[in-house]
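Got your viewer open? Let's take a walk through the chain, one selection at a time.

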Amino acid sequence: MNKTALLLAALSLASATAQTARAQTTLSVKHDEGTTQVKANPQRVVVLDEEMLGWMYALGLGGRVVGVGGPRVQPSDFSAAGAIRPERARVGFLGRGALNPAARFVGTWTAPNLETIAALKPDLILRSTWAGNTNYDNLSRIAPTVGYAEAQAGYWRDDLRAVARIFGKQVQAEQVIKTVADANRVNGQKLLAAGAFRKYPKVVVISPFPGGTNYVNSAKRVIDDLKALGFGDALNGRAKTTLGIASVISDETLVNLDKKTLVVLLPPGRDDSAKAALDGFLASVVGQRLKDQIISYEMEPYSPWTGPLVSTKVSGDLTRLVLEKVK
């Protein structure tokens, strides 16, 4: 083989090697907003809500979060210089992982601050999404953007697996999923032994809102955790009209719940209006009718509604509350 042929062969091999390397460092990620090419093992990640922060925490990747958005995290949680206040980073859900102390606030999940996000130069943007959610195209111009819809089947377990693959954390994801399943199994056995399912074979999760409107959680948001413990859904098959996870429920339907249905009251927030709505429900005719079968449960500060860390905590918390009620 002459020198020219050897050179061409070497160049061909180098090209093939480069293509293989690029294929190995770039992943095609299918998600609920499309299919996105993502650089493997990104180091700078923006999360637009607490749900996605919880996934990063669960995978041990809180240190890679350079930007945090959400409905619950607020600008007041950050200093004038822009960094998360250390005392806030230890509160409630925020303290369940090691958040990058330099993480900046990047707006809310409905109104992300595109300029701030661009300045952070992220390798990846993660967000929860729903029908009609906007800004995907704008975010994608800044960095590869991956979105997962809470209403979809497989949220959060299958989606956590997909995100874990981006970071090479598949083994850890399976361990996280197993931890949640183990917690539900152990807690379910405690409830079974205490006769909880004989007294309350079915459950509903109600969120009272200001103004007197009540929503029933038909999927995700605590009801799925209760079903994993062994309770049946008293309103199974009900339409999911709000973000695919809840619908308005009438006073008539609530009044007609049988006495063997456990009613879990879940305030939609932790502010004064949410507390007033909860107090109003308890004082109402419906609340008085159901008072002997009600458990009130409030999510910890900054907590998202669902996810691996949430499910583990909800499983333990509600098991204790039910055991106290049936003893």
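Where does Thr253 lie? Select it and you'll land in helix 10, residues 251–255. Before going on, keep in mind that you're looking at a predicted model. Is Thr253 buried or partly exposed? Its relative accessibility is 27%, which makes it partly exposed. Now add Gln43 to the selection and draw a line between the two C-alpha atoms: they are 210 residues apart along the chain and separated by 50 Å in space.

Next, try a pair with another story. Pick Leu323, which sits in helix 13 (residues 308–326), together with Gly195. These two are 128 residues apart in sequence, yet their C-alpha atoms are 9.0 Å from each other. Setting aside neighbours within four places in sequence, Leu323 touches Lys190, Leu191 and Ala194. Leu323 is partly exposed, at 25% relative accessible area.

Go on to Gln293, in the loop between helix 12 (285–290) and strand 13 (294–296). Buried or exposed? Gln293 counts as buried, with a relative accessibility of 3%. Show what surrounds it: leaving out neighbours within four places in sequence, its contacts are Tyr200, Asp258, Lys259, Thr261, Leu262, Val263 and Lys325.

Time for helix 6, residues 157–167. Which of its residues are buried? Colour Asp159, Leu160, Val163, Ala164, Ile166 and Phe167. Now look down the axis: those residues cover an arc of only 150°, so they sit on the same side of helix 6. The background is simple: an α-helix has 3.6 residues a turn, so residues three or four places apart point the same way.

Step off the end of helix 6 and you reach Gly168, with a positive phi near 70°. Then show helix 7, residues 170–193: its axis comes within 8 Å of that of helix 6, and the two cross at roughly 155°. Helix 6 and helix 7 are therefore roughly antiparallel, and the crossing is right-handed. To see where they meet, select Arg157, Leu160, Arg161, Ala164 and Arg165 on helix 6, then Gln170, Ala173, Glu174, Val176, Ile177 and Val180 on helix 7.

Now back up to the loop between strand 7 (145–149) and helix 6, where you'll find Trp156. Check the peptide bond joining Tyr155 to Trp156: it is cis, with omega at about 10°. Tyr155 also belongs to a cluster linked by ring pairs, along with Trp55 and Tyr148.

While you have rings on screen, how many aromatic pairs does the count come to? The count is 7. One of them is Trp109 with Trp130, an edge-to-face pair at 4.8 Å centre to centre and 65° between the planes. Trp109 is in the loop between strand 5 (104–105) and helix 4 (114–119), while Trp130 is in the loop between strand 6 (124–129) and helix 5 (136–142), so the pair ties together parts 21 residues apart in sequence.

Two lysines finish the tour. Lys121, in the loop between helix 4 and strand 6, has a positive phi near 50° though it isn't a glycine. Lys220, in the loop between strand 9 (214–217) and helix 9 (223–229), also has a positive phi, near 60°. Now turn on the surface: Lys121 is exposed at 61% relative accessible area, whereas Lys220 counts as buried at 10%.

Methods
Residues numbered from 1 in each chain as written. Predicted model: local features only at pLDDT ≥ 70, side-chain atom pairs only at ≥ 80, totals over all residues. Heavy atoms only, no water. Buried < 20%, exposed > 50% of the residue type's maximum accessible area, 1.4 Å probe, protein only. Helix = DSSP H or I, 4+ residues; strand = E, 2+ residues; numbered from the N terminus. Arc of directions from axis to C-beta. Phe/Tyr/Trp six-rings, centres within 6.5 Å; stacked < 30°, edge-to-face > 60°. Axes fitted to C-alpha atoms, helices over the stretch in contact; angles between N-to-C directions. Parallel < 35°, antiparallel > 145°, perpendicular 65-115°, else oblique. Left-handed = near helix turned anticlockwise from the far one by under 90°. Contact = heavy atoms within 4.5 Å.
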